Amino acid sequence: MRRRLFGKRFKIVLGAGILLCICLAAIFAPYLAPYDPYQQSLVRRLKPPAFMDGGSLRNLLGTDNYGRDLLSRLIYGSRISILVGVASMALSCTLGTVAGLFAGFKGGRVEQVVMRFADAHSAFPDILLAIIMTAALGGSALNLILVLGISGWMVYARLVFGLTRSLRERSFVEAAASYGGSDRYIVFRHILPQVVPVLTVVATLQVAQMILQEAALSFLGLGLPPPAATWGNILAEGRDRLFGAPWIAHTSGLAIILVVFSVNMLGNGLREALDPKAAGAGR
Amino acid sequence: MMPAALSEATPLLSVRDLTVRFRSGRETVTAIDRVSFDVPRGRVLGLVGESGSGKSVTALALMRLLSPDMAEIAGEVRFDGRDLVALPEGEMRRVRGRHLSMIFQEPMTSLNPIASIGNQICEPLRLHLGLGRKAARDRAAELLAMVAIPEPRRRLDQYPHELSGGMRQRVVIAMAIACEPRLIIADEPTTALDVTTQAQILDLLRDLQSRLGMAIVMITHDLGVVAEFADHVQVMYAGRGVERAAVRDVFGHPRHPYTGGLLRCIPDFDGDQDRLVGIDGTVPSLTNLPPGCAYAPRCERAQDDCRIVVPDLEAVAPAHRAACFHPLEFAREVSP
């Protein structure tokens with residue numbers, strides 16, 4: 001049989017490779033960035049990138065309205081994007097998994113309370129919650145993580161709840177109880193390990209969602225306040241100059257696309273690799 | 001094995017008036033109604049009945065594996081001097097797997113698909129005996145050898161999907177005997193296996209039972225298994241015990257018409273019988289039991305009293321009980 005053009009190994013390697021580069025860039029930003037991302041220069045305002053007419057090698061990706069080097073701002077911006085994306089994913093994943101395991105294993109009244117709360121929360125618009133929280137707490141990376149983390153737990157809760165419910169009825173869970181396993185033992189030894197592969201895939205894909213959401217919130221002015229170098233902020237500034245200096249929006253937009261693309265690649269590759277139905281062929 | 005007199009005097013498991021009611025919405029369904037039986041030390045009791053007769057519920061009730069939210073258990077289950085029904089959950093957990101363990105019907109699903117065989121057998125050992133990683137692994141390999149699995153060391157690192165059904169059931173048995181329990185409840189342990197494997201598993205169970213001196217409650221709908229394996233038999237119908245006696249008495253001269261009917265259902269290959277005999281009608285729904293004997297609607301011997309009063313399981317002969325007002329004659333011979 002002919003192999004598919006993009007096999008799971010290719011997807012994982014490509015996605016993880018790009019992500020690794022971006023993570024390294026984020027970690028070593030002070031060494032990689034050619035300029036201070038906050039350094040303004042009135043004489044070098046709105047310079048186009050090196051590959052366009054009028055651009056120079058001094059600013060590879062050009063400069064913005066205040067003459068700040070875009071490449072440097074993008075490199076520093078990746079810190080916020082990745083930090084917020086990963087941390088808020090971790091927060092919502094933890095909250096949702098605990099809630100889902102609890103509701104799914106206990107059932108009955110616990111299930112009703114937890115899952116109806118998830119339903120109610122799903123019906124509540126994320127952006128509104130974000131506006132309320134930023135208004136109350138102010139814009140900072142920590143608050144962004146809290147806002148995004150709290151507004152994303154329902155996905156995990158539903159997923160884990162469903163899996164737990166069906167696993168609880170499986171006879172190996174009953175067998176574990178029959179040789180004296182406690183509830184906690186059964187949940188952590190027998191149910192959670194079976195949930196983790198699915199969870200990994202969803203969590204990976206969710207990082208991309210979170211990065212997009214962070215960019216969207218920053219774009220709307222609900223993220224970090226303006227001088228901060230975040231991709232969403234750069235994109236928002238680029239919007240005002242979309243015709244005069246399109247590279248501002250384009251480069252930051254492309255950076256977001258690249259991260260989301262590679263995270264999705266990685267997530268899809270993992271899904272194919274961890275899916276028990278597809279397993280066996282390539283392991 | 002212990003002398004008969006002593007083992008009769010203090011049964012290992014003594015179940016008295018065990019009743020299980022399930023709540024479903026506003027209704028309650030009585031799945032088991034005042035079931036009583038004894039299992040002497042080191043002996044085998046066969047619990048026989050059709051689907052829905054309450055065999056598996058009895059097993060789960062004995063293990064206290066029914067969720068208290070859904071099921072209400074009454075009566076007394078005296079196991080080695082302690083009443084399991086009244087035991088706090090924490091103590092019950094120390095009994096499960098240690099002194100009382102269970103073999104499930106489906107070896108395909110009663111093993112965790114993503115844990116290695118070795119880790120699964122180690123679980124009860126580590127939980128109850130507090131063995132370390134190394135000691136538990138050694139013991140697990142010994143157990144696999146005991147259940148006649150070739151190359152036990154290598155099998156420890158294999159996963160359930162790499163084993164055949166019979167092998168998996170051996171692993172399940174190895175887990176059940178891991179802590180050398182005094183009683184094993186085997187819920188249809190051979191039903192999901194093919195016939196040759198069934199015989200091997202039964203041989204293995206019998207061998208282990210005599211070597212380790214365990215008692216077994218063998219739950220089955222297969223009268224052949226009971227005839228071969230059990231010392232005593234309890235026949236169940238619609239959640240009630242209808243006949244209880246030594247295996248030779250039940251097969252030799254059944255007294256309850258239902259037992260007689262069951263025995264007549266066994267195909268007789270060397271006789272002149274050319275059609276399989278069945279029992280007319282179906283098991284009544286537990287939500288809608290007739291007021292008297294549950295078997296009365298299908299019973300050819302049923303009379304008016306059967307339809308009004310539920311007969312108790314009473315002695316019809318020494319050590320032979322049947323719940324019937326009009327039991328079959330003693331002389332009746334039905335060969336299995």
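**Exercise 1. Explain why B:Arg244 counts as buried.**

Solution. B:Arg244 is buried because 25 other C-beta atoms lie within 10 Å. The cut-offs are these: buried takes 20 or more other C-beta atoms within 10 Å of a residue's own, exposed takes 12 or fewer, and partly exposed lies in between, with C-beta atoms placed from the backbone.

A note on the model: it is predicted, so local features need pLDDT of at least 70 and side-chain atom pairs count only at pLDDT 80 or more, while totals for chains, interfaces and linings use all residues. Residues are numbered from 1 along each chain as its sequence is written, and chains are lettered from A and ligands numbered from 1 in the order in which they are written.

**Exercise 2. Place B:Arg244 in its strand and find which residues it contacts.**

Solution. Step one: B:Arg244 is found in strand β10 (residues 240–246) of chain B. Strands (E, at least two residues) and helices (H or I, at least four) are DSSP runs, numbered from the N terminus. Step two: set aside neighbours within four places in sequence. B:Arg244 is then in contact with B:Phe37, B:Val233, B:Gln234, B:Leu313 and B:Arg321. Contact means that the C-beta atoms of two residues, placed from the backbone, lie within 7 Å. Step three: look at B:Ala230. B:Arg244 and B:Ala230 are 14 residues apart in sequence and 12 Å apart in space, C-alpha to C-alpha.

**Exercise 3. Trace the sheet of eight strands in chain B.**

Solution. The order is β6-β7-β8-β3-β9-β10-β12-β11. This sheet is open, and its pairing is mixed. Two strands pair if DSSP finds at least two bridges between them. At the edges are β6 (100–103) and β11 (314–317) of chain B, each pairing on one side only. From one strand to the next, the twist averages 25°.

Now take one pair. β7 (residues 183–187) and β8 (residues 215–220) of chain B run parallel over five bridges. B:Ala186 has B:Met218 in β8(B) as its bridge partner. Helix α2 (residues 55–63) of chain B packs on this sheet, touching β3 (44–48), β6, β7, β8 and β9 (232–237) of chain B. Its direction makes about 150° with that of β7(B). Axes are lines fitted to C-alpha atoms, for helices over the stretch in contact, and angles run from 0 to 180 degrees between N-to-C directions.

**Exercise 4. Trace the sheet of four strands in chain B.**

Solution. The order is β2-β1-β4-β5, open and antiparallel. Its edge strands are β2 (27–39) and β5 (82–83) of chain B. β1 (residues 13–24) of chain B pairs with β2(B) over nine bridges. There, B:Arg23 stands opposite B:Thr28 in β2(B). Helix α2(B) packs on this sheet, touching β1, β2 and β4 (71–79) of chain B. The direction of α2(B) makes about 75° with that of β2(B).

**Exercise 5. Describe chain A, then its helix α10.**

Solution. Chain A has 11 helices and zero strands. Of its 283 residues, 42% count as buried. Helix α10 (residues 231–240) of chain A is mostly covered, with eight of its 10 residues buried. Among them are A:Trp231, A:Ile234 and A:Leu235. The buried residues of α10(A) pack against α3 (70–106), α9 (183–219) and α11 (246–274) of chain A.

**Exercise 6. How many residues does each chain give to the contact?**

Solution. Chain B gives 22 residues and chain A gives 15. On the side of chain B that touches chain A, α4(B) makes the largest share, four residues.
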